[in-house]
Amino acid sequence: MTPAPEQRTGADRWVGWLASPTWLMLVAFLMTTLLMLSMFNPRFGTDASVWPHQVLQSAAGFAWGPAQAKLVTLAIALATLVIALLMRPSRTRGLIAAFGAGLGLTAFQIEPRYLSFWILPVASALVGGCLMLPAETGGTARRKTLLVALAILGGNLFMPWGTERLAQHRLPPTYHCTALAQVDLLLNPPEEYLYEAGVGDEQIATPVSGYVRVLLMSLPQLVGVLVFVLGIVAVFLGAAGWLRWLTGLALLCLALGPAWVLYDHGSMLVSDEGPEPWQAGLTYWCGAWQTHSGAWVLALAAGVADLTRDRRD
């Protein structure tokens with residue numbers, strides 16, 4: 001059970017929110033709301049130049065198309081998050097939150113060739129959700145879920161790449177995997193990763209430039225490795241306080257860090273007659289983010305945390 005306020009340590013009172021599924025659900029709700037408004041509004045919507053309620057209206061009657069499907073999916077996902085935020089922590093709340101996240105993941109999935117980039121944040125969320133609450137609030141179900149999630153995440157990080165992927169990255173036909181390739185990228189970042197591409201060979205220094213840009217672009221892989229290590233530690237030590245707080249912080253970075261890079265990149269793509277930089281940034285962000293599984297990892301992790309609670313909670 002969650003400690004009563006008077007039993008919590010000083011650290012719990014200051015950073016306990018980092019390990020709170022409710023907090024993750026709130027951030028997920030705000031991000032999903034921003035995603036919907038960035039897709040459907042008259043000024044710079046990416047899927048329709050009208051407000052959400054106008055997407056379903058048509059002079060010829062209702063038409064079921066991609067824009068309508070995306071809107072309905074986002075509306076259901078938002079509704080599940082609102083319901084979850086109004087409920088007390090329980091397995092039922094976890095089921096509702098996980099349903100909304102799963103709906104978003106399946107409706108906005110990317111092309112099959114990019115599936116490995118889609119699975120990594122999802123696997124990190126599964127492991128992270130098992131670490132979000134104290135060990136005493138979960139029983140056998142949490143431990144089993146954690147072991148399965150670790151197997152999925154570990155496979156994605158350390159399974160050897162196929163020949164096609166090696167050729168794509170111009171690597172020799174030896175052992176390469178996501179985790180090791182990420183270490184090499186951090187040690188030897190290519191020039192095009194450090195700065196925005198300008199006219200010709202010009203490199204533009206933006207607010208997110210240099211090595212910070214490489215770190216933020218690498219967050220899905222870095223968080224995956226970190227959460228994998230924390231999961232292994234939890235198998236032997238249980239979900240200690242510092243481990244849970246670090247997991248919550250890692251999941252927030254996983255969702256918000258790449259979003260910052262995408263927004264920064266989009267704000268640079270402004271013509272003389274185009275929208276304002278902040279509008280262009282949001283347009284580019286939501287255009288890429290709607291198929292990025294990082295948009296749904298917070299709700300998924302929160303749902304898994306509640307789903308694996310002890311039945312007595």
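How many nonpolar, polar and charged residues does the lining of the largest pocket have? Sorted by class, that lining holds 26 nonpolar, 12 polar and 5 charged residues. The structure shown above is a predicted model, and this report looks in turn at its largest pocket, its helix pairs and its cavity.

**The largest pocket**

The space in the largest pocket comes to about 1400 Å³. The pocket is lined by 43 residues, and those closest to its centre are Phe 117, Leu 185, Tyr 193, Met 217 and Gln 221. Among the elements of the structure, helix α9, which covers residues 178-187, gives the most to this lining, with 6 residues.

**Three pairs of packed helices**

Two packed helices are described by the angle between their axes and the distance between the axes. The table sets out these values for three pairs, together with the handedness of each crossing.

| Helix pair | Angle between axes | Distance between axes | Crossing |
|---|---|---|---|
| α2 and α4 | about 155° | 10 Å | left-handed |
| α4 and α5 | about 160° | 8 Å | left-handed |
| α6 and α15 | roughly 35° | within 7 Å | right-handed |

The first row gives α2 and α4 an angle of about 155°, and because angles over 145 degrees count as roughly antiparallel, α2 is roughly antiparallel to α4. On the α2 side, the residues in contact include Met 25, Leu 26, Phe 29 and Leu 35, while those on the α4 side include Leu 71, Leu 74, Leu 78 and Val 82. Taken by class, the residues of this contact divide into 15 nonpolar, 3 polar and 1 charged.

Helix α4 also packs against α5, at an angle of about 160°, and that angle makes α4 roughly antiparallel to α5. Here Thr 73, Ile 76, Ala 77, Thr 80, Ile 83 and Ala 84 of α4 meet a set of α5 residues, among them Arg 93, Ile 96, Phe 99 and Leu 103. The contact of α4 with α5 has 9 nonpolar, 4 polar and 1 charged residues.

The third pair joins helix α6, residues 115-131, and helix α15, residues 297-307, whose axes cross at roughly 35°. From α6 the contact takes Pro 121, Val 122, Ala 125, Leu 126, Gly 129 and Cys 130, and from α15 it takes Val 297, Leu 300, Ala 301, Val 304 and Ala 305. By class this contact has 10 nonpolar residues, 1 polar residue and no charged residues.

**The cavity**

How many cavities of 30 Å³ or more does the structure hold? It holds 1 cavity of that kind, and the largest cavity has a volume of about 40 Å³. Its lining is made up of Ala 28, Thr 32, Ala 77, Thr 80, Leu 81, Ala 97, Gly 100, Ala 101, Ala 295, Trp 296 and Ala 299. Which elements give two or more residues to this lining? They are α2 (21-39), α4 (66-86) and α5 (91-107), so the helices of the first two pairs in the table return here. Several lining residues also appear in the helix contacts: Ala 28 and Thr 32 of α2 belong to the contact with α4, and Ala 77 and Thr 80 of α4 belong to the contact with α5. By class, the cavity lining has 8 nonpolar residues, 3 polar residues and no charged residues.

Key. Residues numbered from 1 in each chain as written. Predicted model: local features only at pLDDT ≥ 70, side-chain atom pairs only at ≥ 80, totals over all residues. Heavy atoms only, no water. 1 Å grid on protein atoms, 1.4 Å probe; cavity = no way out; pocket = protein on both sides within 12 Å on 5 of 7 lines; lining within 4 Å. Points joined across faces, edges and corners; volume = space filled by probe spheres on them. Helix = DSSP H or I, 4+ residues; strand = E, 2+ residues; numbered from the N terminus. Nonpolar A, V, L, I, M, F, W, Y, C, P; charged D, E, K, R; others polar. Axes fitted to C-alpha atoms, helices over the stretch in contact; angles between N-to-C directions. Parallel < 35°, antiparallel > 145°, perpendicular 65-115°, else oblique. Left-handed = near helix turned anticlockwise from the far one by under 90°. Contact = heavy atoms within 4.5 Å.
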